[in-house]
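Reader: I'd like to go through this one label by label. Can you back up each term with the value behind it?

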Amino acid sequence: QVQLGESGGGLVQAGGSLRLSCVDSGRTLSRYGMGWFRQAPGKEREFVATINWSSASIYYADSVLGRFAISRDNAKNTVYLQMTRLKPEDTAVYYCAAEQYSSNWRDYEYWGQGTQVTVSS
């Protein structure tokens, strides 16, 4: 059973960095592709990054390319999102999702509860 939980969000100044973590307490994460999405108030859920089970395939949204990096440690059942050069427009609730390698949030069955990232100008 997939059980996802995110951590690492917070308040940071523009230009700063944060690292988000997503742990699968069901310990099945290593079998699946994973994705990070975000949702700002009044906006639709937005794709951020996705990684396949082996880390051989990674894909980013254009808005974060070159600033964010997705990675995973299957031994720890954890996926990470390293965010650098943060901008105020990155402010959102960030969600991890399983079990696909996809940029479409509708393809994912399992979701974490989300973690808030706020970037001040």
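Reader: Cys22 and Cys96: buried or exposed, and what is the cut-off?
Author: Both Cys22 and Cys96 are buried. Bear in mind that this is a predicted model. The word "buried" is kept for residues under 20% relative accessible area.

Reader: What makes Cys22 and Cys96 a disulfide?
Author: Their sulfur atoms are 2.0 Å apart, and the cut-off is within 2.5 Å, so the pair qualifies. A search of the whole structure turns up one disulfide.

Reader: Which parts of the chain does the pair of Cys22 and Cys96 link?
Author: Distant ones: Cys22 sits in strand S3 (residues 18-24) and Cys96 in strand S9 (residues 92-98), with the two cysteines 74 residues apart.

Reader: And why is the disulfide of Cys22 and Cys96 called right-handed?
Author: Look at the torsion about the S-S bond: it is about 60°, so the disulfide is right-handed.

Reader: OK, the fold next. How many helices and strands does the chain have?
Author: Zero helices and 11 strands. Along the sequence, that reads β-β-β-β-β-β-β-β-β-β-β.

Reader: What makes the chain as compact as a globular protein of that length?
Author: The radius of gyration is 13 Å, and the globule rule gives 14 Å for 121 residues; the two values are close, so the chain counts as that compact. If you want dimensions, the C-alpha trace spans about 40 × 25 × 25 Å along its principal axes. Buried residues make up 44% of the 121 residues.

Reader: Let's try single residues. Why is Ser21 called buried?
Author: Its relative accessibility is 13%, and buried means under 20%, so the label fits. Ser21 belongs to strand S3. Setting aside neighbours within four places in sequence, Ser21 is in contact with Gly5, Glu6, Ser7, Trp36, Thr78, Val79 and Tyr80.

Reader: How do you know that Glu44 is exposed?
Author: Its relative accessible area is 69%; exposed means over 50%, so Glu44 passes. Glu44 is in the loop between strand S4 (34-39) and strand S5 (46-51). Not counting residues up to four places away in sequence, Glu44 touches Arg38 and Gln39.

Reader: What makes Arg31 exposed?
Author: Here the relative accessible area is 59%, and the label needs over 50%, so Arg31 is exposed. Arg31 is in the loop between S3 and S4. From Arg31 to Tyr95 is 64 residues in sequence and 19 Å in space, C-alpha to C-alpha.

Reader: Why is Asn77 called buried?
Author: With a relative accessible area of 12%, Asn77 falls under 20%, so it is buried. Asn77 is in the loop between strand S7 (68-73) and strand S8 (78-83).

Reader: What is phi of Asn77?
Author: Near 50°, which is positive in a residue other than glycine. Arg85 is not a glycine and has a positive phi too, of about 45°. You'll find Arg85 in the loop between S8 and S9.

Reader: Last one: how far apart are the mean positions of the positive and negative charges?
Author: 5 Å, taken over 12 positive and 11 negative charges. As for the surface, the accessible area of the chain is about 6,200 Å², with 45% belonging to carbon and sulfur atoms.

Definitions and conventions
Residues are numbered from 1 along each chain as its sequence is written. This is a predicted model: local features need pLDDT of at least 70, side-chain atom pairs count only at pLDDT 80 or more; totals for chains, interfaces and linings use all residues. Side-chain values use heavy atoms; hydrogens and water are left out. Helices (H or I, at least four residues) and strands (E, at least two) are DSSP runs, numbered from the N terminus. Buried means under 20% relative accessible area, exposed over 50%, partly exposed in between (1.4 Å probe, protein chains only). The radius of gyration is taken over C-alpha atoms; the globule rule is 2.2 Å times the number of residues to the power 0.38. Accessible areas come from the Shrake-Rupley method with a 1.4 Å probe; for residues, only the protein chains shown count as cover. Lys and Arg count as positive and Asp and Glu as negative; His and the chain ends are not counted. The place of a charge is taken as NZ of Lys, CZ of Arg, CG of Asp or CD of Glu. Contact means heavy atoms within 4.5 Å.
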